[in-house]
Amino acid sequence: MTAAREHATGEAKVIPIQSAPSWQGDRADLADRLAGAVGGALAGRLGESATRLFGKGWEGKAADGLSFLRRRITGDYEVDDFGFDQELTEEVFLSLLRPLAEQYFRIEVRGIEHIPAEGGVLIVANHSGTVPLDALMTQVAVHDHHPARRHLRMLAADLVFVLPVVGELARKAGHTLACNEDAQTLLERGEVVGVWPEGFKGIGKPFADRYKLQRFGRGGFVASALRAQVPIVPCSIVGAEETYPMIGNFRTLARLLGLPYLPITPTFPWLGPLGAIPLPTKWTIQFGEPIPTDGYPKEAADDPMLVFDLTDQVRETIQHTLYKLLVQRRSVFF
């Protein structure tokens, strides 16, 4: 399976109302009637109740919500050729993840200024936590804390895109398959691309090995950065390891289900569905100083020794920063 696109030209796919099928007009009429009905209800007694409940200013948010709903119904929105739906990501996905990042994990973001305001950049981070919440929280951190509100385009494993519903949602949120072709295409377009080179070895490692980086593979991400001539920003994440402490693994059952691992934690499977609730640990996400690649020729991507050296430099930078953050941390939860 490959996510490389034949038409990766950088232009967005637009679904204009005027070129839609004839039934699209019926959907537009339906959207207008729905918006009118809701607007009429909010203008009456229901609106008075909403003012008491939500305070002044709720009307603007309601109007924005109705406008968003109309665009979704009529198909008046854009996606790029990787399936990224920016409006849906900003209005829905990030809005759902934001309370988890701000109130639950209370993420402290450091070094966001190391991500350039424009142009391609590759963010390389450590992976941990049994469930890959660290990648999603990094996506929120980049968008919400960067002055340019940049979107993180994450490279994900094959498993993500074969799961029903999850694969489609991942595409709409800007994720794509972790392959060199997709990474290079996005970087050359000037996107912020995120990669977690440890993969399942990182998030599925035992709790006893927490914050010990696993192997980074053969450095394909470094080769993509060299070819695209973009900087590499190391990213160190502390706090994710303790959200689901993995104390065991149902290896046989995981193999039967086609999963890389099936975790045993202090709460799962003993508490049933409640065991899926992550522990409210305190997180820190630190972006390090960029490692430039534009000083090398593009052909340097084919030099295995250089790729190995840069990969090792990135890995050692992340590991050193993790140790430093752990020494500074007062508590897992505060």
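The paragraphs below lead through a predicted model, beginning with its sheet and moving on to its helices and empty spaces.

Because the model is predicted, local features are reported only at pLDDT of at least 70 and side-chain atom pairs only at pLDDT 80 or more, while totals for chains, interfaces and linings use all residues. Residues are numbered from 1 along each chain as its sequence is written, and side-chain values use heavy atoms, with hydrogens and water left out.

A good place to begin is the open sheet of seven strands, whose order is β3-β11-β8-β4-β7-β5-β6 and whose pairing is mixed. Helices (H or I, at least four residues) and strands (E, at least two) are DSSP runs numbered from the N terminus, and two strands pair if DSSP finds at least two bridges between them. The edge strands, each pairing on one side only, are β3 (108-110) and β6 (176-177). Strand β4 (residues 121-125) runs parallel to strand β8 (residues 232-238) and is joined to it by four bridges, with L122 standing opposite I232 of β8. Helix α10 (residues 220-228) packs on the sheet, where it touches β4, β7 (192-195) and β8, and its direction makes about 165 degrees with that of β4. Here axes are lines fitted to C-alpha atoms, for helices over the stretch in contact, and angles run from 0 to 180 degrees between N-to-C directions; contact means heavy atoms within 4.5 Å.

Helix α10 also meets helix α12 (residues 304-328), the two axes coming within 9 Å and crossing at roughly 110 degrees. The two helices are therefore roughly perpendicular to each other, a term for angles of 65 to 115 degrees. The contact is made by F221, V222 and L226 of α10 together with L306, V307, L310 and T311 of α12, and these residues divide into six nonpolar, one polar and no charged. In this division Ala, Val, Leu, Ile, Met, Phe, Trp, Tyr, Cys and Pro count as nonpolar, Asp, Glu, Lys and Arg as charged, and the others, Gly among them, as polar.

A second helix pair is formed by α4 (86-104) and α5 (133-145), whose axes come within 9 Å and cross at roughly 105 degrees. These helices, too, are therefore roughly perpendicular to each other. Among the residues in contact are L94, L97 and R98 of α4 and L136, M137 and H143 of α5, and by class the contact has seven nonpolar, three polar and four charged residues.

Both helices also supply residues to the lining of the largest pocket, which has a volume of about 1500 Å³. A pocket is an open set of points on a 1 Å grid with protein on both sides within 12 Å along at least five of seven lines, and lining residues have an atom within 4 Å of a point; a volume is the space filled by probe spheres set on the points. Of the 50 lining residues, H127, L155, A156, A157 and V160 lie nearest the centre of the pocket. Helix α4 gives the most to this lining, with five residues, and the lining as a whole has 35 nonpolar, eleven polar and four charged residues.

The search of the whole structure also finds one cavity of 30 Å³ or more, a cavity being a set of points where a 1.4 Å probe fits but cannot get out. About 50 Å³ of space lies in the largest cavity, and its lining includes G129, T130, F207 and Y244.

Key. Angles under 35 degrees count as roughly parallel, over 145 as roughly antiparallel, 65 to 115 as roughly perpendicular and the rest as oblique.
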